[in-house]
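Let's take a friendly walk through this structure, one chain and one contact at a time. Keep the viewer open so that you can follow along.

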Amino acid sequence: MAETAQAKPMGAHGGGEGTRRDFLVLTASALGAVGTAAVAWPLIASMNPAADTLAAGAPIDVDISKVAPGMSIRVLWRSRPIFIVRRTPDELKQLESGKDNAELSDPDSKALQQADYAKNWHRSIKPEILVLVGICTHLGCIPSFAPQPGNTPVENWEGGFFCPCHGSKYDLSGRVFRGVPAPLNLPVPPYNFVSDTVIRIGENPKGSDFDLSSVEQL
Amino acid sequence: MRKIFLAAGLAGLVSLGAAGPAPAAEESIALPTQAWSFDGVFGTFDRAAAQRGFQVYHDICAKCHSLDLIAYRNLEELGFSAEQVKAIAAGDQVVDRDDRGMPVTDDSGKIVMRPGRPSDRFAQPDKAVTSALPAVPPDLSLVARAREDGENYVFALLAKGYDTPPADWDPSAIYNKYFPGHRIGMPPPLTDNAVTYADGTAATLDQEVRDVVNFLEWTADPNLEERHRTGLKVVLFLIAMTLVLYAAKRRVWSDVHKDEH
Amino acid sequence: MAAPRTQNRIIRWIDYRLPVFSYLEHELHEYPTPRNLSYWWNFGSLAGFMLVTMIVTGIFLAMYYTPNVDMAFDSVERIRRDVNYGWLIQFIHMNGASFFFIVTYIHVFRGLYYGSYKNPRELLWILGVIILLLMMATAFMGYVLPWGQMSFWGATVITNLFSAIPKVGNAIVTWLWGGYAVGNPTLNRFYSLHYLLPFVIVAVVMLHVIALHQHGSNNPLGIDRKGPQDSIPFHPYYTIKDMFGLGVFLIAYAGFIFFLPNFLGDPQNYIPANPLVTPPEIVPEWYFLPFYAILRSVPDIWFIPSKLAGVICLFGSIGVLFILPWLDTSPVRSARFRPIYKWFFLVLVVDVVALGVCGAHRPEGTYIVIGRIATLYYFFHFLILLPLLGKMERPRPLPASIGAAVLKGGAVSAE
């Protein structure tokens with residue numbers, strides 16, 4: 001177009017002047033890129049959980065002294081329901097015998113749904129106290145606690161957890177039965193006994209660094 | 001000519017700045033100014049003073065004044081250890097709330113209190129105390145920012161304000177020289193040795209006020225130090241980048257300017 | 001439009017279907033820009049930069065802000081204290097409003113001085129005034145969102161202005177509020193509109209740039225480009241100059257963000273809004289002060305009560321800007337060649353600053369007098385002075401062309 005004076009395209013000069021200009025523009029561009037990244041970083045970082053959200057997700061201490069054998073309580077930790085169950089000696093005997101293991105999908109807790117300290121038949125640190133994340137591994141409903149054997153919620157119920165949404169069944173260690181929609185055992189969150197009557201949910205015992213986000217499926 | 005325009009504009013802006021975007025008070029009460037560690041471009045918090053100031057707030061001011069924006073866990077920024085913070089939190093009673101943030105009530109409908117945790121916001125002052133007061137004590141979290149020259153204002157009000165009132169002052173009202181209108185609802189809250197400092201510093205009135213101002217400056221602007229640190233890096237970077245850009249601009253324009261007079 | 005000068009197959013493939021590259025080529029490489037633009041021409045691009053900055057920071061703030069009267073103030077404090085870098089994003093946004101207005105006002109005054117509003121750029125100018133109005137609405141509503149004392153009471157005072165309109169005034173105010181006073185419905189709708197308007201501004205800015213490119217930029221001499229020796233391509237000359245200008249601007253901007261974040265604001269906005277306690281002074285942000293002064297300085301005029309007269313003059317002060325291209329009768333654009341207008345321009349600048357100072361103070365004593373004189377002068381300048389001066393003033397002789405004025409050896413081509 002005849003309108004503009006012919007501008008010398010950048011870098012078209014020979015030697016000194018052109019390369020000096022190129023160098024300057026290059027440096028300026030590099031600094032500009034650094035600056036842009038430095039600006040973008042805080043914006044992206046701001047979307048990470050804020051300090052108070054992280055603080056609210058800190059471990060919580062739960063007093064289990066009032067939980068009688070055969071009872072369960074429910075607390076919220078990191079917005080998830082956590083079941084704490086005090087199992088009766090009879091229930092423990094039943095679980096230890098392994099009578100129903102053939103009906104379970106994963107009786108030995110081979111799938112990574114718990115820390116190493118919960119990879120046993122009682123899926124817990126102390127046998128009487130069971131701590132589970134109460135979210136069905138099928139599609140996320142909250143199973144009901146149904147410890148009594150009988151004909152509710154289904155025929156020939158042996159005691160455990162029953163998910164009302166699609167009928168998934170778990171035993172009293174949270175292990176999933178075969179032939180139900182749920183694929184995996186209920187996860188066990190990190191927890192630790194601060195004393196005989198207080199459990200801290202969200203903190204592992206010394207020597208373990210189990211992270212709940214490492215499980216196969218919550 | 002454009003230079004005169006610039007000068008006029010700048011002069012106007014300066015006078016505007018002197019007047020302050022916040023307008024002058026009814027009468028200009030000249031505030032005595034103090035030197036603070038957090039003043040200026042390179043200001044930092046005096047953490048020892050802020051810790052003592054927290055003690056002053058906690059032991060005295062907290063009886064009537066809330067500090068709603070601060071959580072116990074924030075105290076770690078002042079140098080308290082996690083254990084100390086837990087102990088401080090547990091020493092206060094806070095409203096027990098469920099996960100939706102609603103207060104938990106017992107069977108008779110009374111609100112349940114429990115010991116504080118680090119993640120809790122500071123406990124509220126006892127309602128029995130505050131409801132008996134003639135005026136609502138303001139929350140103190142932002143007081144250092146909510147007043148013009150806040151830190152000097154708070155210092156002057158607490159340490160120097162409870163002066164002898166003028167001759168015609170109504171004796172039933174409390175006089176404070178620096179409170180707007182002079183009629184303050186709060187009797188002098190601090191005296192010498194109102195607290196015993198954990199680090200052994202002599203707790204004169206002046207010292208207590210200095211320390212509580214340091215604390216309140218932190219509650220109002222906890223990011224001050226990070227802001228100054230980052231700001232220094234940013235401005236230095238920008239100066240460097242602008243110099244490079246200027247050199248580049250001159251280079252690029254050299255072939256245009258060489259044809260001009 | 002020329003095809004892109006590249007052999008790159010991908011670029012050619014895209015450009016054949018969506019001509020972004022040849023468009024950019026045209027707008028940057030080929031687009032002729034006067035060679036003599038001064039730094040006063042940087043402020044348009046700075047304004048564009050600020051628009052983008054405000055939108056980006058605003059979007060990230062919106063991820064944490066809650067537009068409810070009980071939670072708004074605390075949500076802003078939460079952003080400052082708990083959100084990662086929230087304090088930074090918030091201070092950028094807060095000071096950004098001020099800096100957006102600083103660059104825009106300078107941009108406007110540049111236009112006034114150099115006659116950039118004159119034929120054939122009348123619509124360009126009007127689009128700019130529309131952008132200014134949208135900016136003012138956006139800024140006003142944005143200031144309400146933190147729900148501090150000034151937020152609430154500023155909203156109350158300004159929305160109450162509309163009650164001055166006879167007959168329908170009160171109905172309009174109730175409609176604006178969504179209730180019997182400024183409250184939650186007001187806050188929510190201000191949030192919705194505050195989020196929307198910046199994108200409307202983006203659209204009008206695009207029209208503004210299209211209008212600009214129709215005839216190209218004005219220049220300090222105010223004379224049209226006549227040939228290739230008068231202009232240079234926008235890229236690389238003005239791209240690098242704009243970037244350098246941006247660097248200088250950013251130093252000032254960063255200075256405020258990091259070291260004086262509250263200097264331009266009002267401390268009282270750090271007090272949560274209390275509908276039962278009116279602050280001793282209700283003052284808008286600095287960029288509204290001249291208009292606030294005009295609003296308050298108008299007395300009862302004949303049968304028009306002062307409140308309504310003030311509102312009329314307030315909107316009139318922007319209204320005169322709309323018709324400015326037709327008010328100014330000067331045959332010459334740039335004040336460089338208008339020896340008398342130059343001085344009156346300076347008076348206008350001082351006048352606007354004086355109005356701003358008056359707006360910051362209570363309307364008592366000297367401030368009333370100065371405010372009234374300054375308001376009178378403002379309208380006199382646009383409605384009486386400009387039409388008359390253009391006809392009476394003898395402009396200095398214009399150079400033959402930009403090249404003649406600027407090049408060694410006059411209009412001889414640089415090549």
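## Chain C as a whole

What radius of gyration would a compact globule of 415 residues have, and what does chain C have? For that number of residues, a compact globule would come out near 22 Å, and chain C has 24 Å, so the two agree. Please keep in mind that this is a predicted model, so every value here is computed from predicted coordinates.

Measured out along the principal axes, the C-alpha atoms of chain C fill a box of roughly 75 × 60 × 40 Å. Inside it you will find 15 helices and two strands. Of the 415 residues in chain C, 45% are buried. Among contacts in chain C with a separation of 6 or more, 74% link residues 24 or more positions apart.

## A stop at Asn170 of chain C

If you would like one residue to click on, try Asn170(C), which sits in helix α8 (residues 169-177) of chain C. Is Asn170(C) buried or partly exposed? Asn170(C) has 13 C-beta neighbours inside 10 Å, and therefore counts as partly exposed; a residue needs 20 or more to be buried, and 12 or fewer make it exposed.

For a sense of distance, pick Gly96(C) as well: Asn170(C) and Gly96(C) lie 74 residues apart in sequence, and their C-alpha atoms are 34 Å apart in space.

## Where chain B meets chain C

How many residues of chain B are in contact with chain C? There are 42 on the chain B side, and they touch 44 residues of chain C. On chain B, α1 (2-19), α5 and α8 (224-257) each supply at least two residues to this side. The largest share, 17 residues, comes from α8(B). By residue type, the chain B side splits into 25 nonpolar, 10 polar and seven charged.

## An enclosed helix in chain B

Now look at helix α6 (residues 150-160) of chain B. Why can this helix be called largely enclosed by the rest of the structure? Because nine of its 11 residues are buried. These are Gly150(B), Glu151(B), Tyr153(B), Val154(B), Phe155(B), Ala156(B), Leu157(B), Leu158(B) and Ala159(B). The buried residues of α6(B) pack against two other helices of chain B, α5 (143-146) and α7 (205-220).

## Where chain A meets chain B

Chain A also touches chain B, with 15 residues of chain A in contact with 14 residues of chain B. Both α1 (15-45) and α2 (51-56) of chain A supply at least two residues each to the chain A side. Here α1(A) gives the largest share, nine residues. The chain A side divides into eight nonpolar, three polar and four charged residues.

## Domains and a sheet in chain A

The domain assignment of chain A lists domain 1 (1-48) and domain 2 (53-214). Taken over C-alpha atoms, the centres of these domains are 59 Å apart.

Chain A also holds an open sheet of three strands, in the order β1-β9-β8, with antiparallel pairing. Its edge strands, each pairing on one side only, are β1 (60-63) and β8 (191-193). On average, neighbouring strands are turned by 25° against each other, direction ignored. Strand β9 (residues 198-201) of chain A pairs with β8(A) over three bridges in the antiparallel sense. Which residue of β9(A) is the bridge partner of Asn192(A)? That partner is Arg200(A).

How values were computed: Residues are numbered from 1 along each chain as its sequence is written. Chains are lettered from A and ligands numbered from 1 in the order in which they are written. This is a predicted model: local features need pLDDT of at least 70, side-chain atom pairs count only at pLDDT 80 or more; totals for chains, interfaces and linings use all residues. Helices (H or I, at least four residues) and strands (E, at least two) are DSSP runs, numbered from the N terminus. Two residues are in contact if their C-beta atoms, placed from the backbone, lie within 7 Å. Ala, Val, Leu, Ile, Met, Phe, Trp, Tyr, Cys and Pro count as nonpolar, Asp, Glu, Lys and Arg as charged, and the others, Gly among them, as polar. Domain bounds come from an automatic or database domain assignment. Two strands pair if DSSP finds at least two bridges between them. Axes are lines fitted to C-alpha atoms, for helices over the stretch in contact, and angles run from 0 to 180 degrees between N-to-C directions. The radius of gyration is taken over C-alpha atoms; the globule rule is 2.2 Å times the number of residues to the power 0.38.
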